[in-house]
Amino acid sequence: MIGGPEVPELDPFLLLDEFLSDDPNDYIAGFPDHPHRGFETVTYMLAGNMRHRDNLGNSGLLEPGSVQWMTAGRGIVHSEMPEQKDGLMWGFQLWVNLPAKNKMRSPRYQDISPSVIPSVTPADGVTVRVLAGTFEDTAGPVTDVDADPLYLDVYLGAHSGLRLDVPQTHNAFIYVYSGQILCGARRDTLGHRQLGVLSSGSEIHLESEALAARAIVVCGKPFGEPIARYGPFVMNTRAELEQAFIDYRDGNL
């Protein structure tokens with residue numbers, strides 16, 4: 001939904017992908033070893049299990065409801081492999097840029113289990129899981145991210161509403177993954193599997209109608225820097241990209 005022709009990027013966000021299938025033939029091959037440099041990947045699982053391993057010896061299991069915020073920094077080679085033969089595999093991967101000053105920082109994982117992701121019930125029929133940032137004085141477990149993100153998983157029961165305070169300086173989007181939601185003062189409709197890029201402002205207004213709905217709401221601070229991007233490498237200049245190719249070829253990620 002982000003990273004294609006219609007929305008190539010939304011600074012600081014580079015890519016948003018929803019993966020969804022109940023056919024193991026679609027996903028059992030997983031994502032074998034592949035490199036990253038210069039940005040962060042955020043994996044949020046709704047269903048299914050995913051095992052990650054990397055060339056630094058790190059390993060962990062993503063389970064339903066968990067989130068992993070991986071900062072590739074100067075470089076990492078890792079794999080993401082399903083650990084089941086059937087059943088539903090469902091979740092999101094978001095790519096978040098790093099500023100030039102931190103593109104070559106040390107790699108880091110924040111593996112967050114479902115039990116430590118707080119939920120807030122701001123109104124009847126409304127539940128908000130706080131993955132990153134702060135909502136109604138409740139802070140999410142992901143910390144120390146340059147983009148100063150807010151990442152929420154929102155459930156709206158039938159005929160319910162939610163108002164979110166957001167930094168006016170941030171870029172924001174909403175992606176509806178179940179039902180439909182009315183958004184903003186104009187009550188624009190976002191349907192199932194639709195993404196809305198939000199205009200600048202300090203509040204987000206969401207409403208449901210006769211059916212319940214679910215969406216992720218994500219905000220982040222733009223860096224306003226040039227982007228040089230090729231596959232899993234995101235730098236600021238072509239020369240930096242070429243160095244990334246050399247480092248990967250020579251086993252120096």
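A disulfide is taken here as a pair of cysteine sulfur atoms within 2.5 Å. In general terms, a disulfide is a covalent bond between the sulfur atoms of two cysteines. In this predicted model, by that cut-off, the number of disulfides is zero. C183 takes part in no disulfide, and the nearest cysteine sulfur, that of C219, lies 11 Å away. Seen from C219, the closest cysteine sulfur is that of C183, and the 11 Å between them is too far for a bond. The two residues were also assessed for accessibility. C183 has a relative accessible area of 10% and is therefore buried. C219 is likewise classed as buried, because its relative accessible area is 1%.

The model further contains an open sheet of four strands, arranged in the order β2-β7-β4-β5 with antiparallel pairing. The edge positions are taken by β2 (31-36) and β5 (59-62); each has a single partner strand, so one side of each is left without a neighbour in the sheet. On average, neighbouring strands of this sheet are turned by 25° against each other, direction ignored.

Within the sheet, the pairing of β4 with β7 can be described at residue level. Strand β4 covers residues 50-54 and strand β7 covers residues 76-82. The two strands run antiparallel and are joined by five bridges. In this pairing, D54 stands opposite H78 of β7.

Notes
Residues numbered from 1 in each chain as written. Predicted model: local features only at pLDDT ≥ 70, side-chain atom pairs only at ≥ 80, totals over all residues. Heavy atoms only, no water. Pairing = 2+ DSSP bridges. Axes fitted to C-alpha atoms, helices over the stretch in contact; angles between N-to-C directions. Buried < 20%, exposed > 50% of the residue type's maximum accessible area, 1.4 Å probe, protein only.
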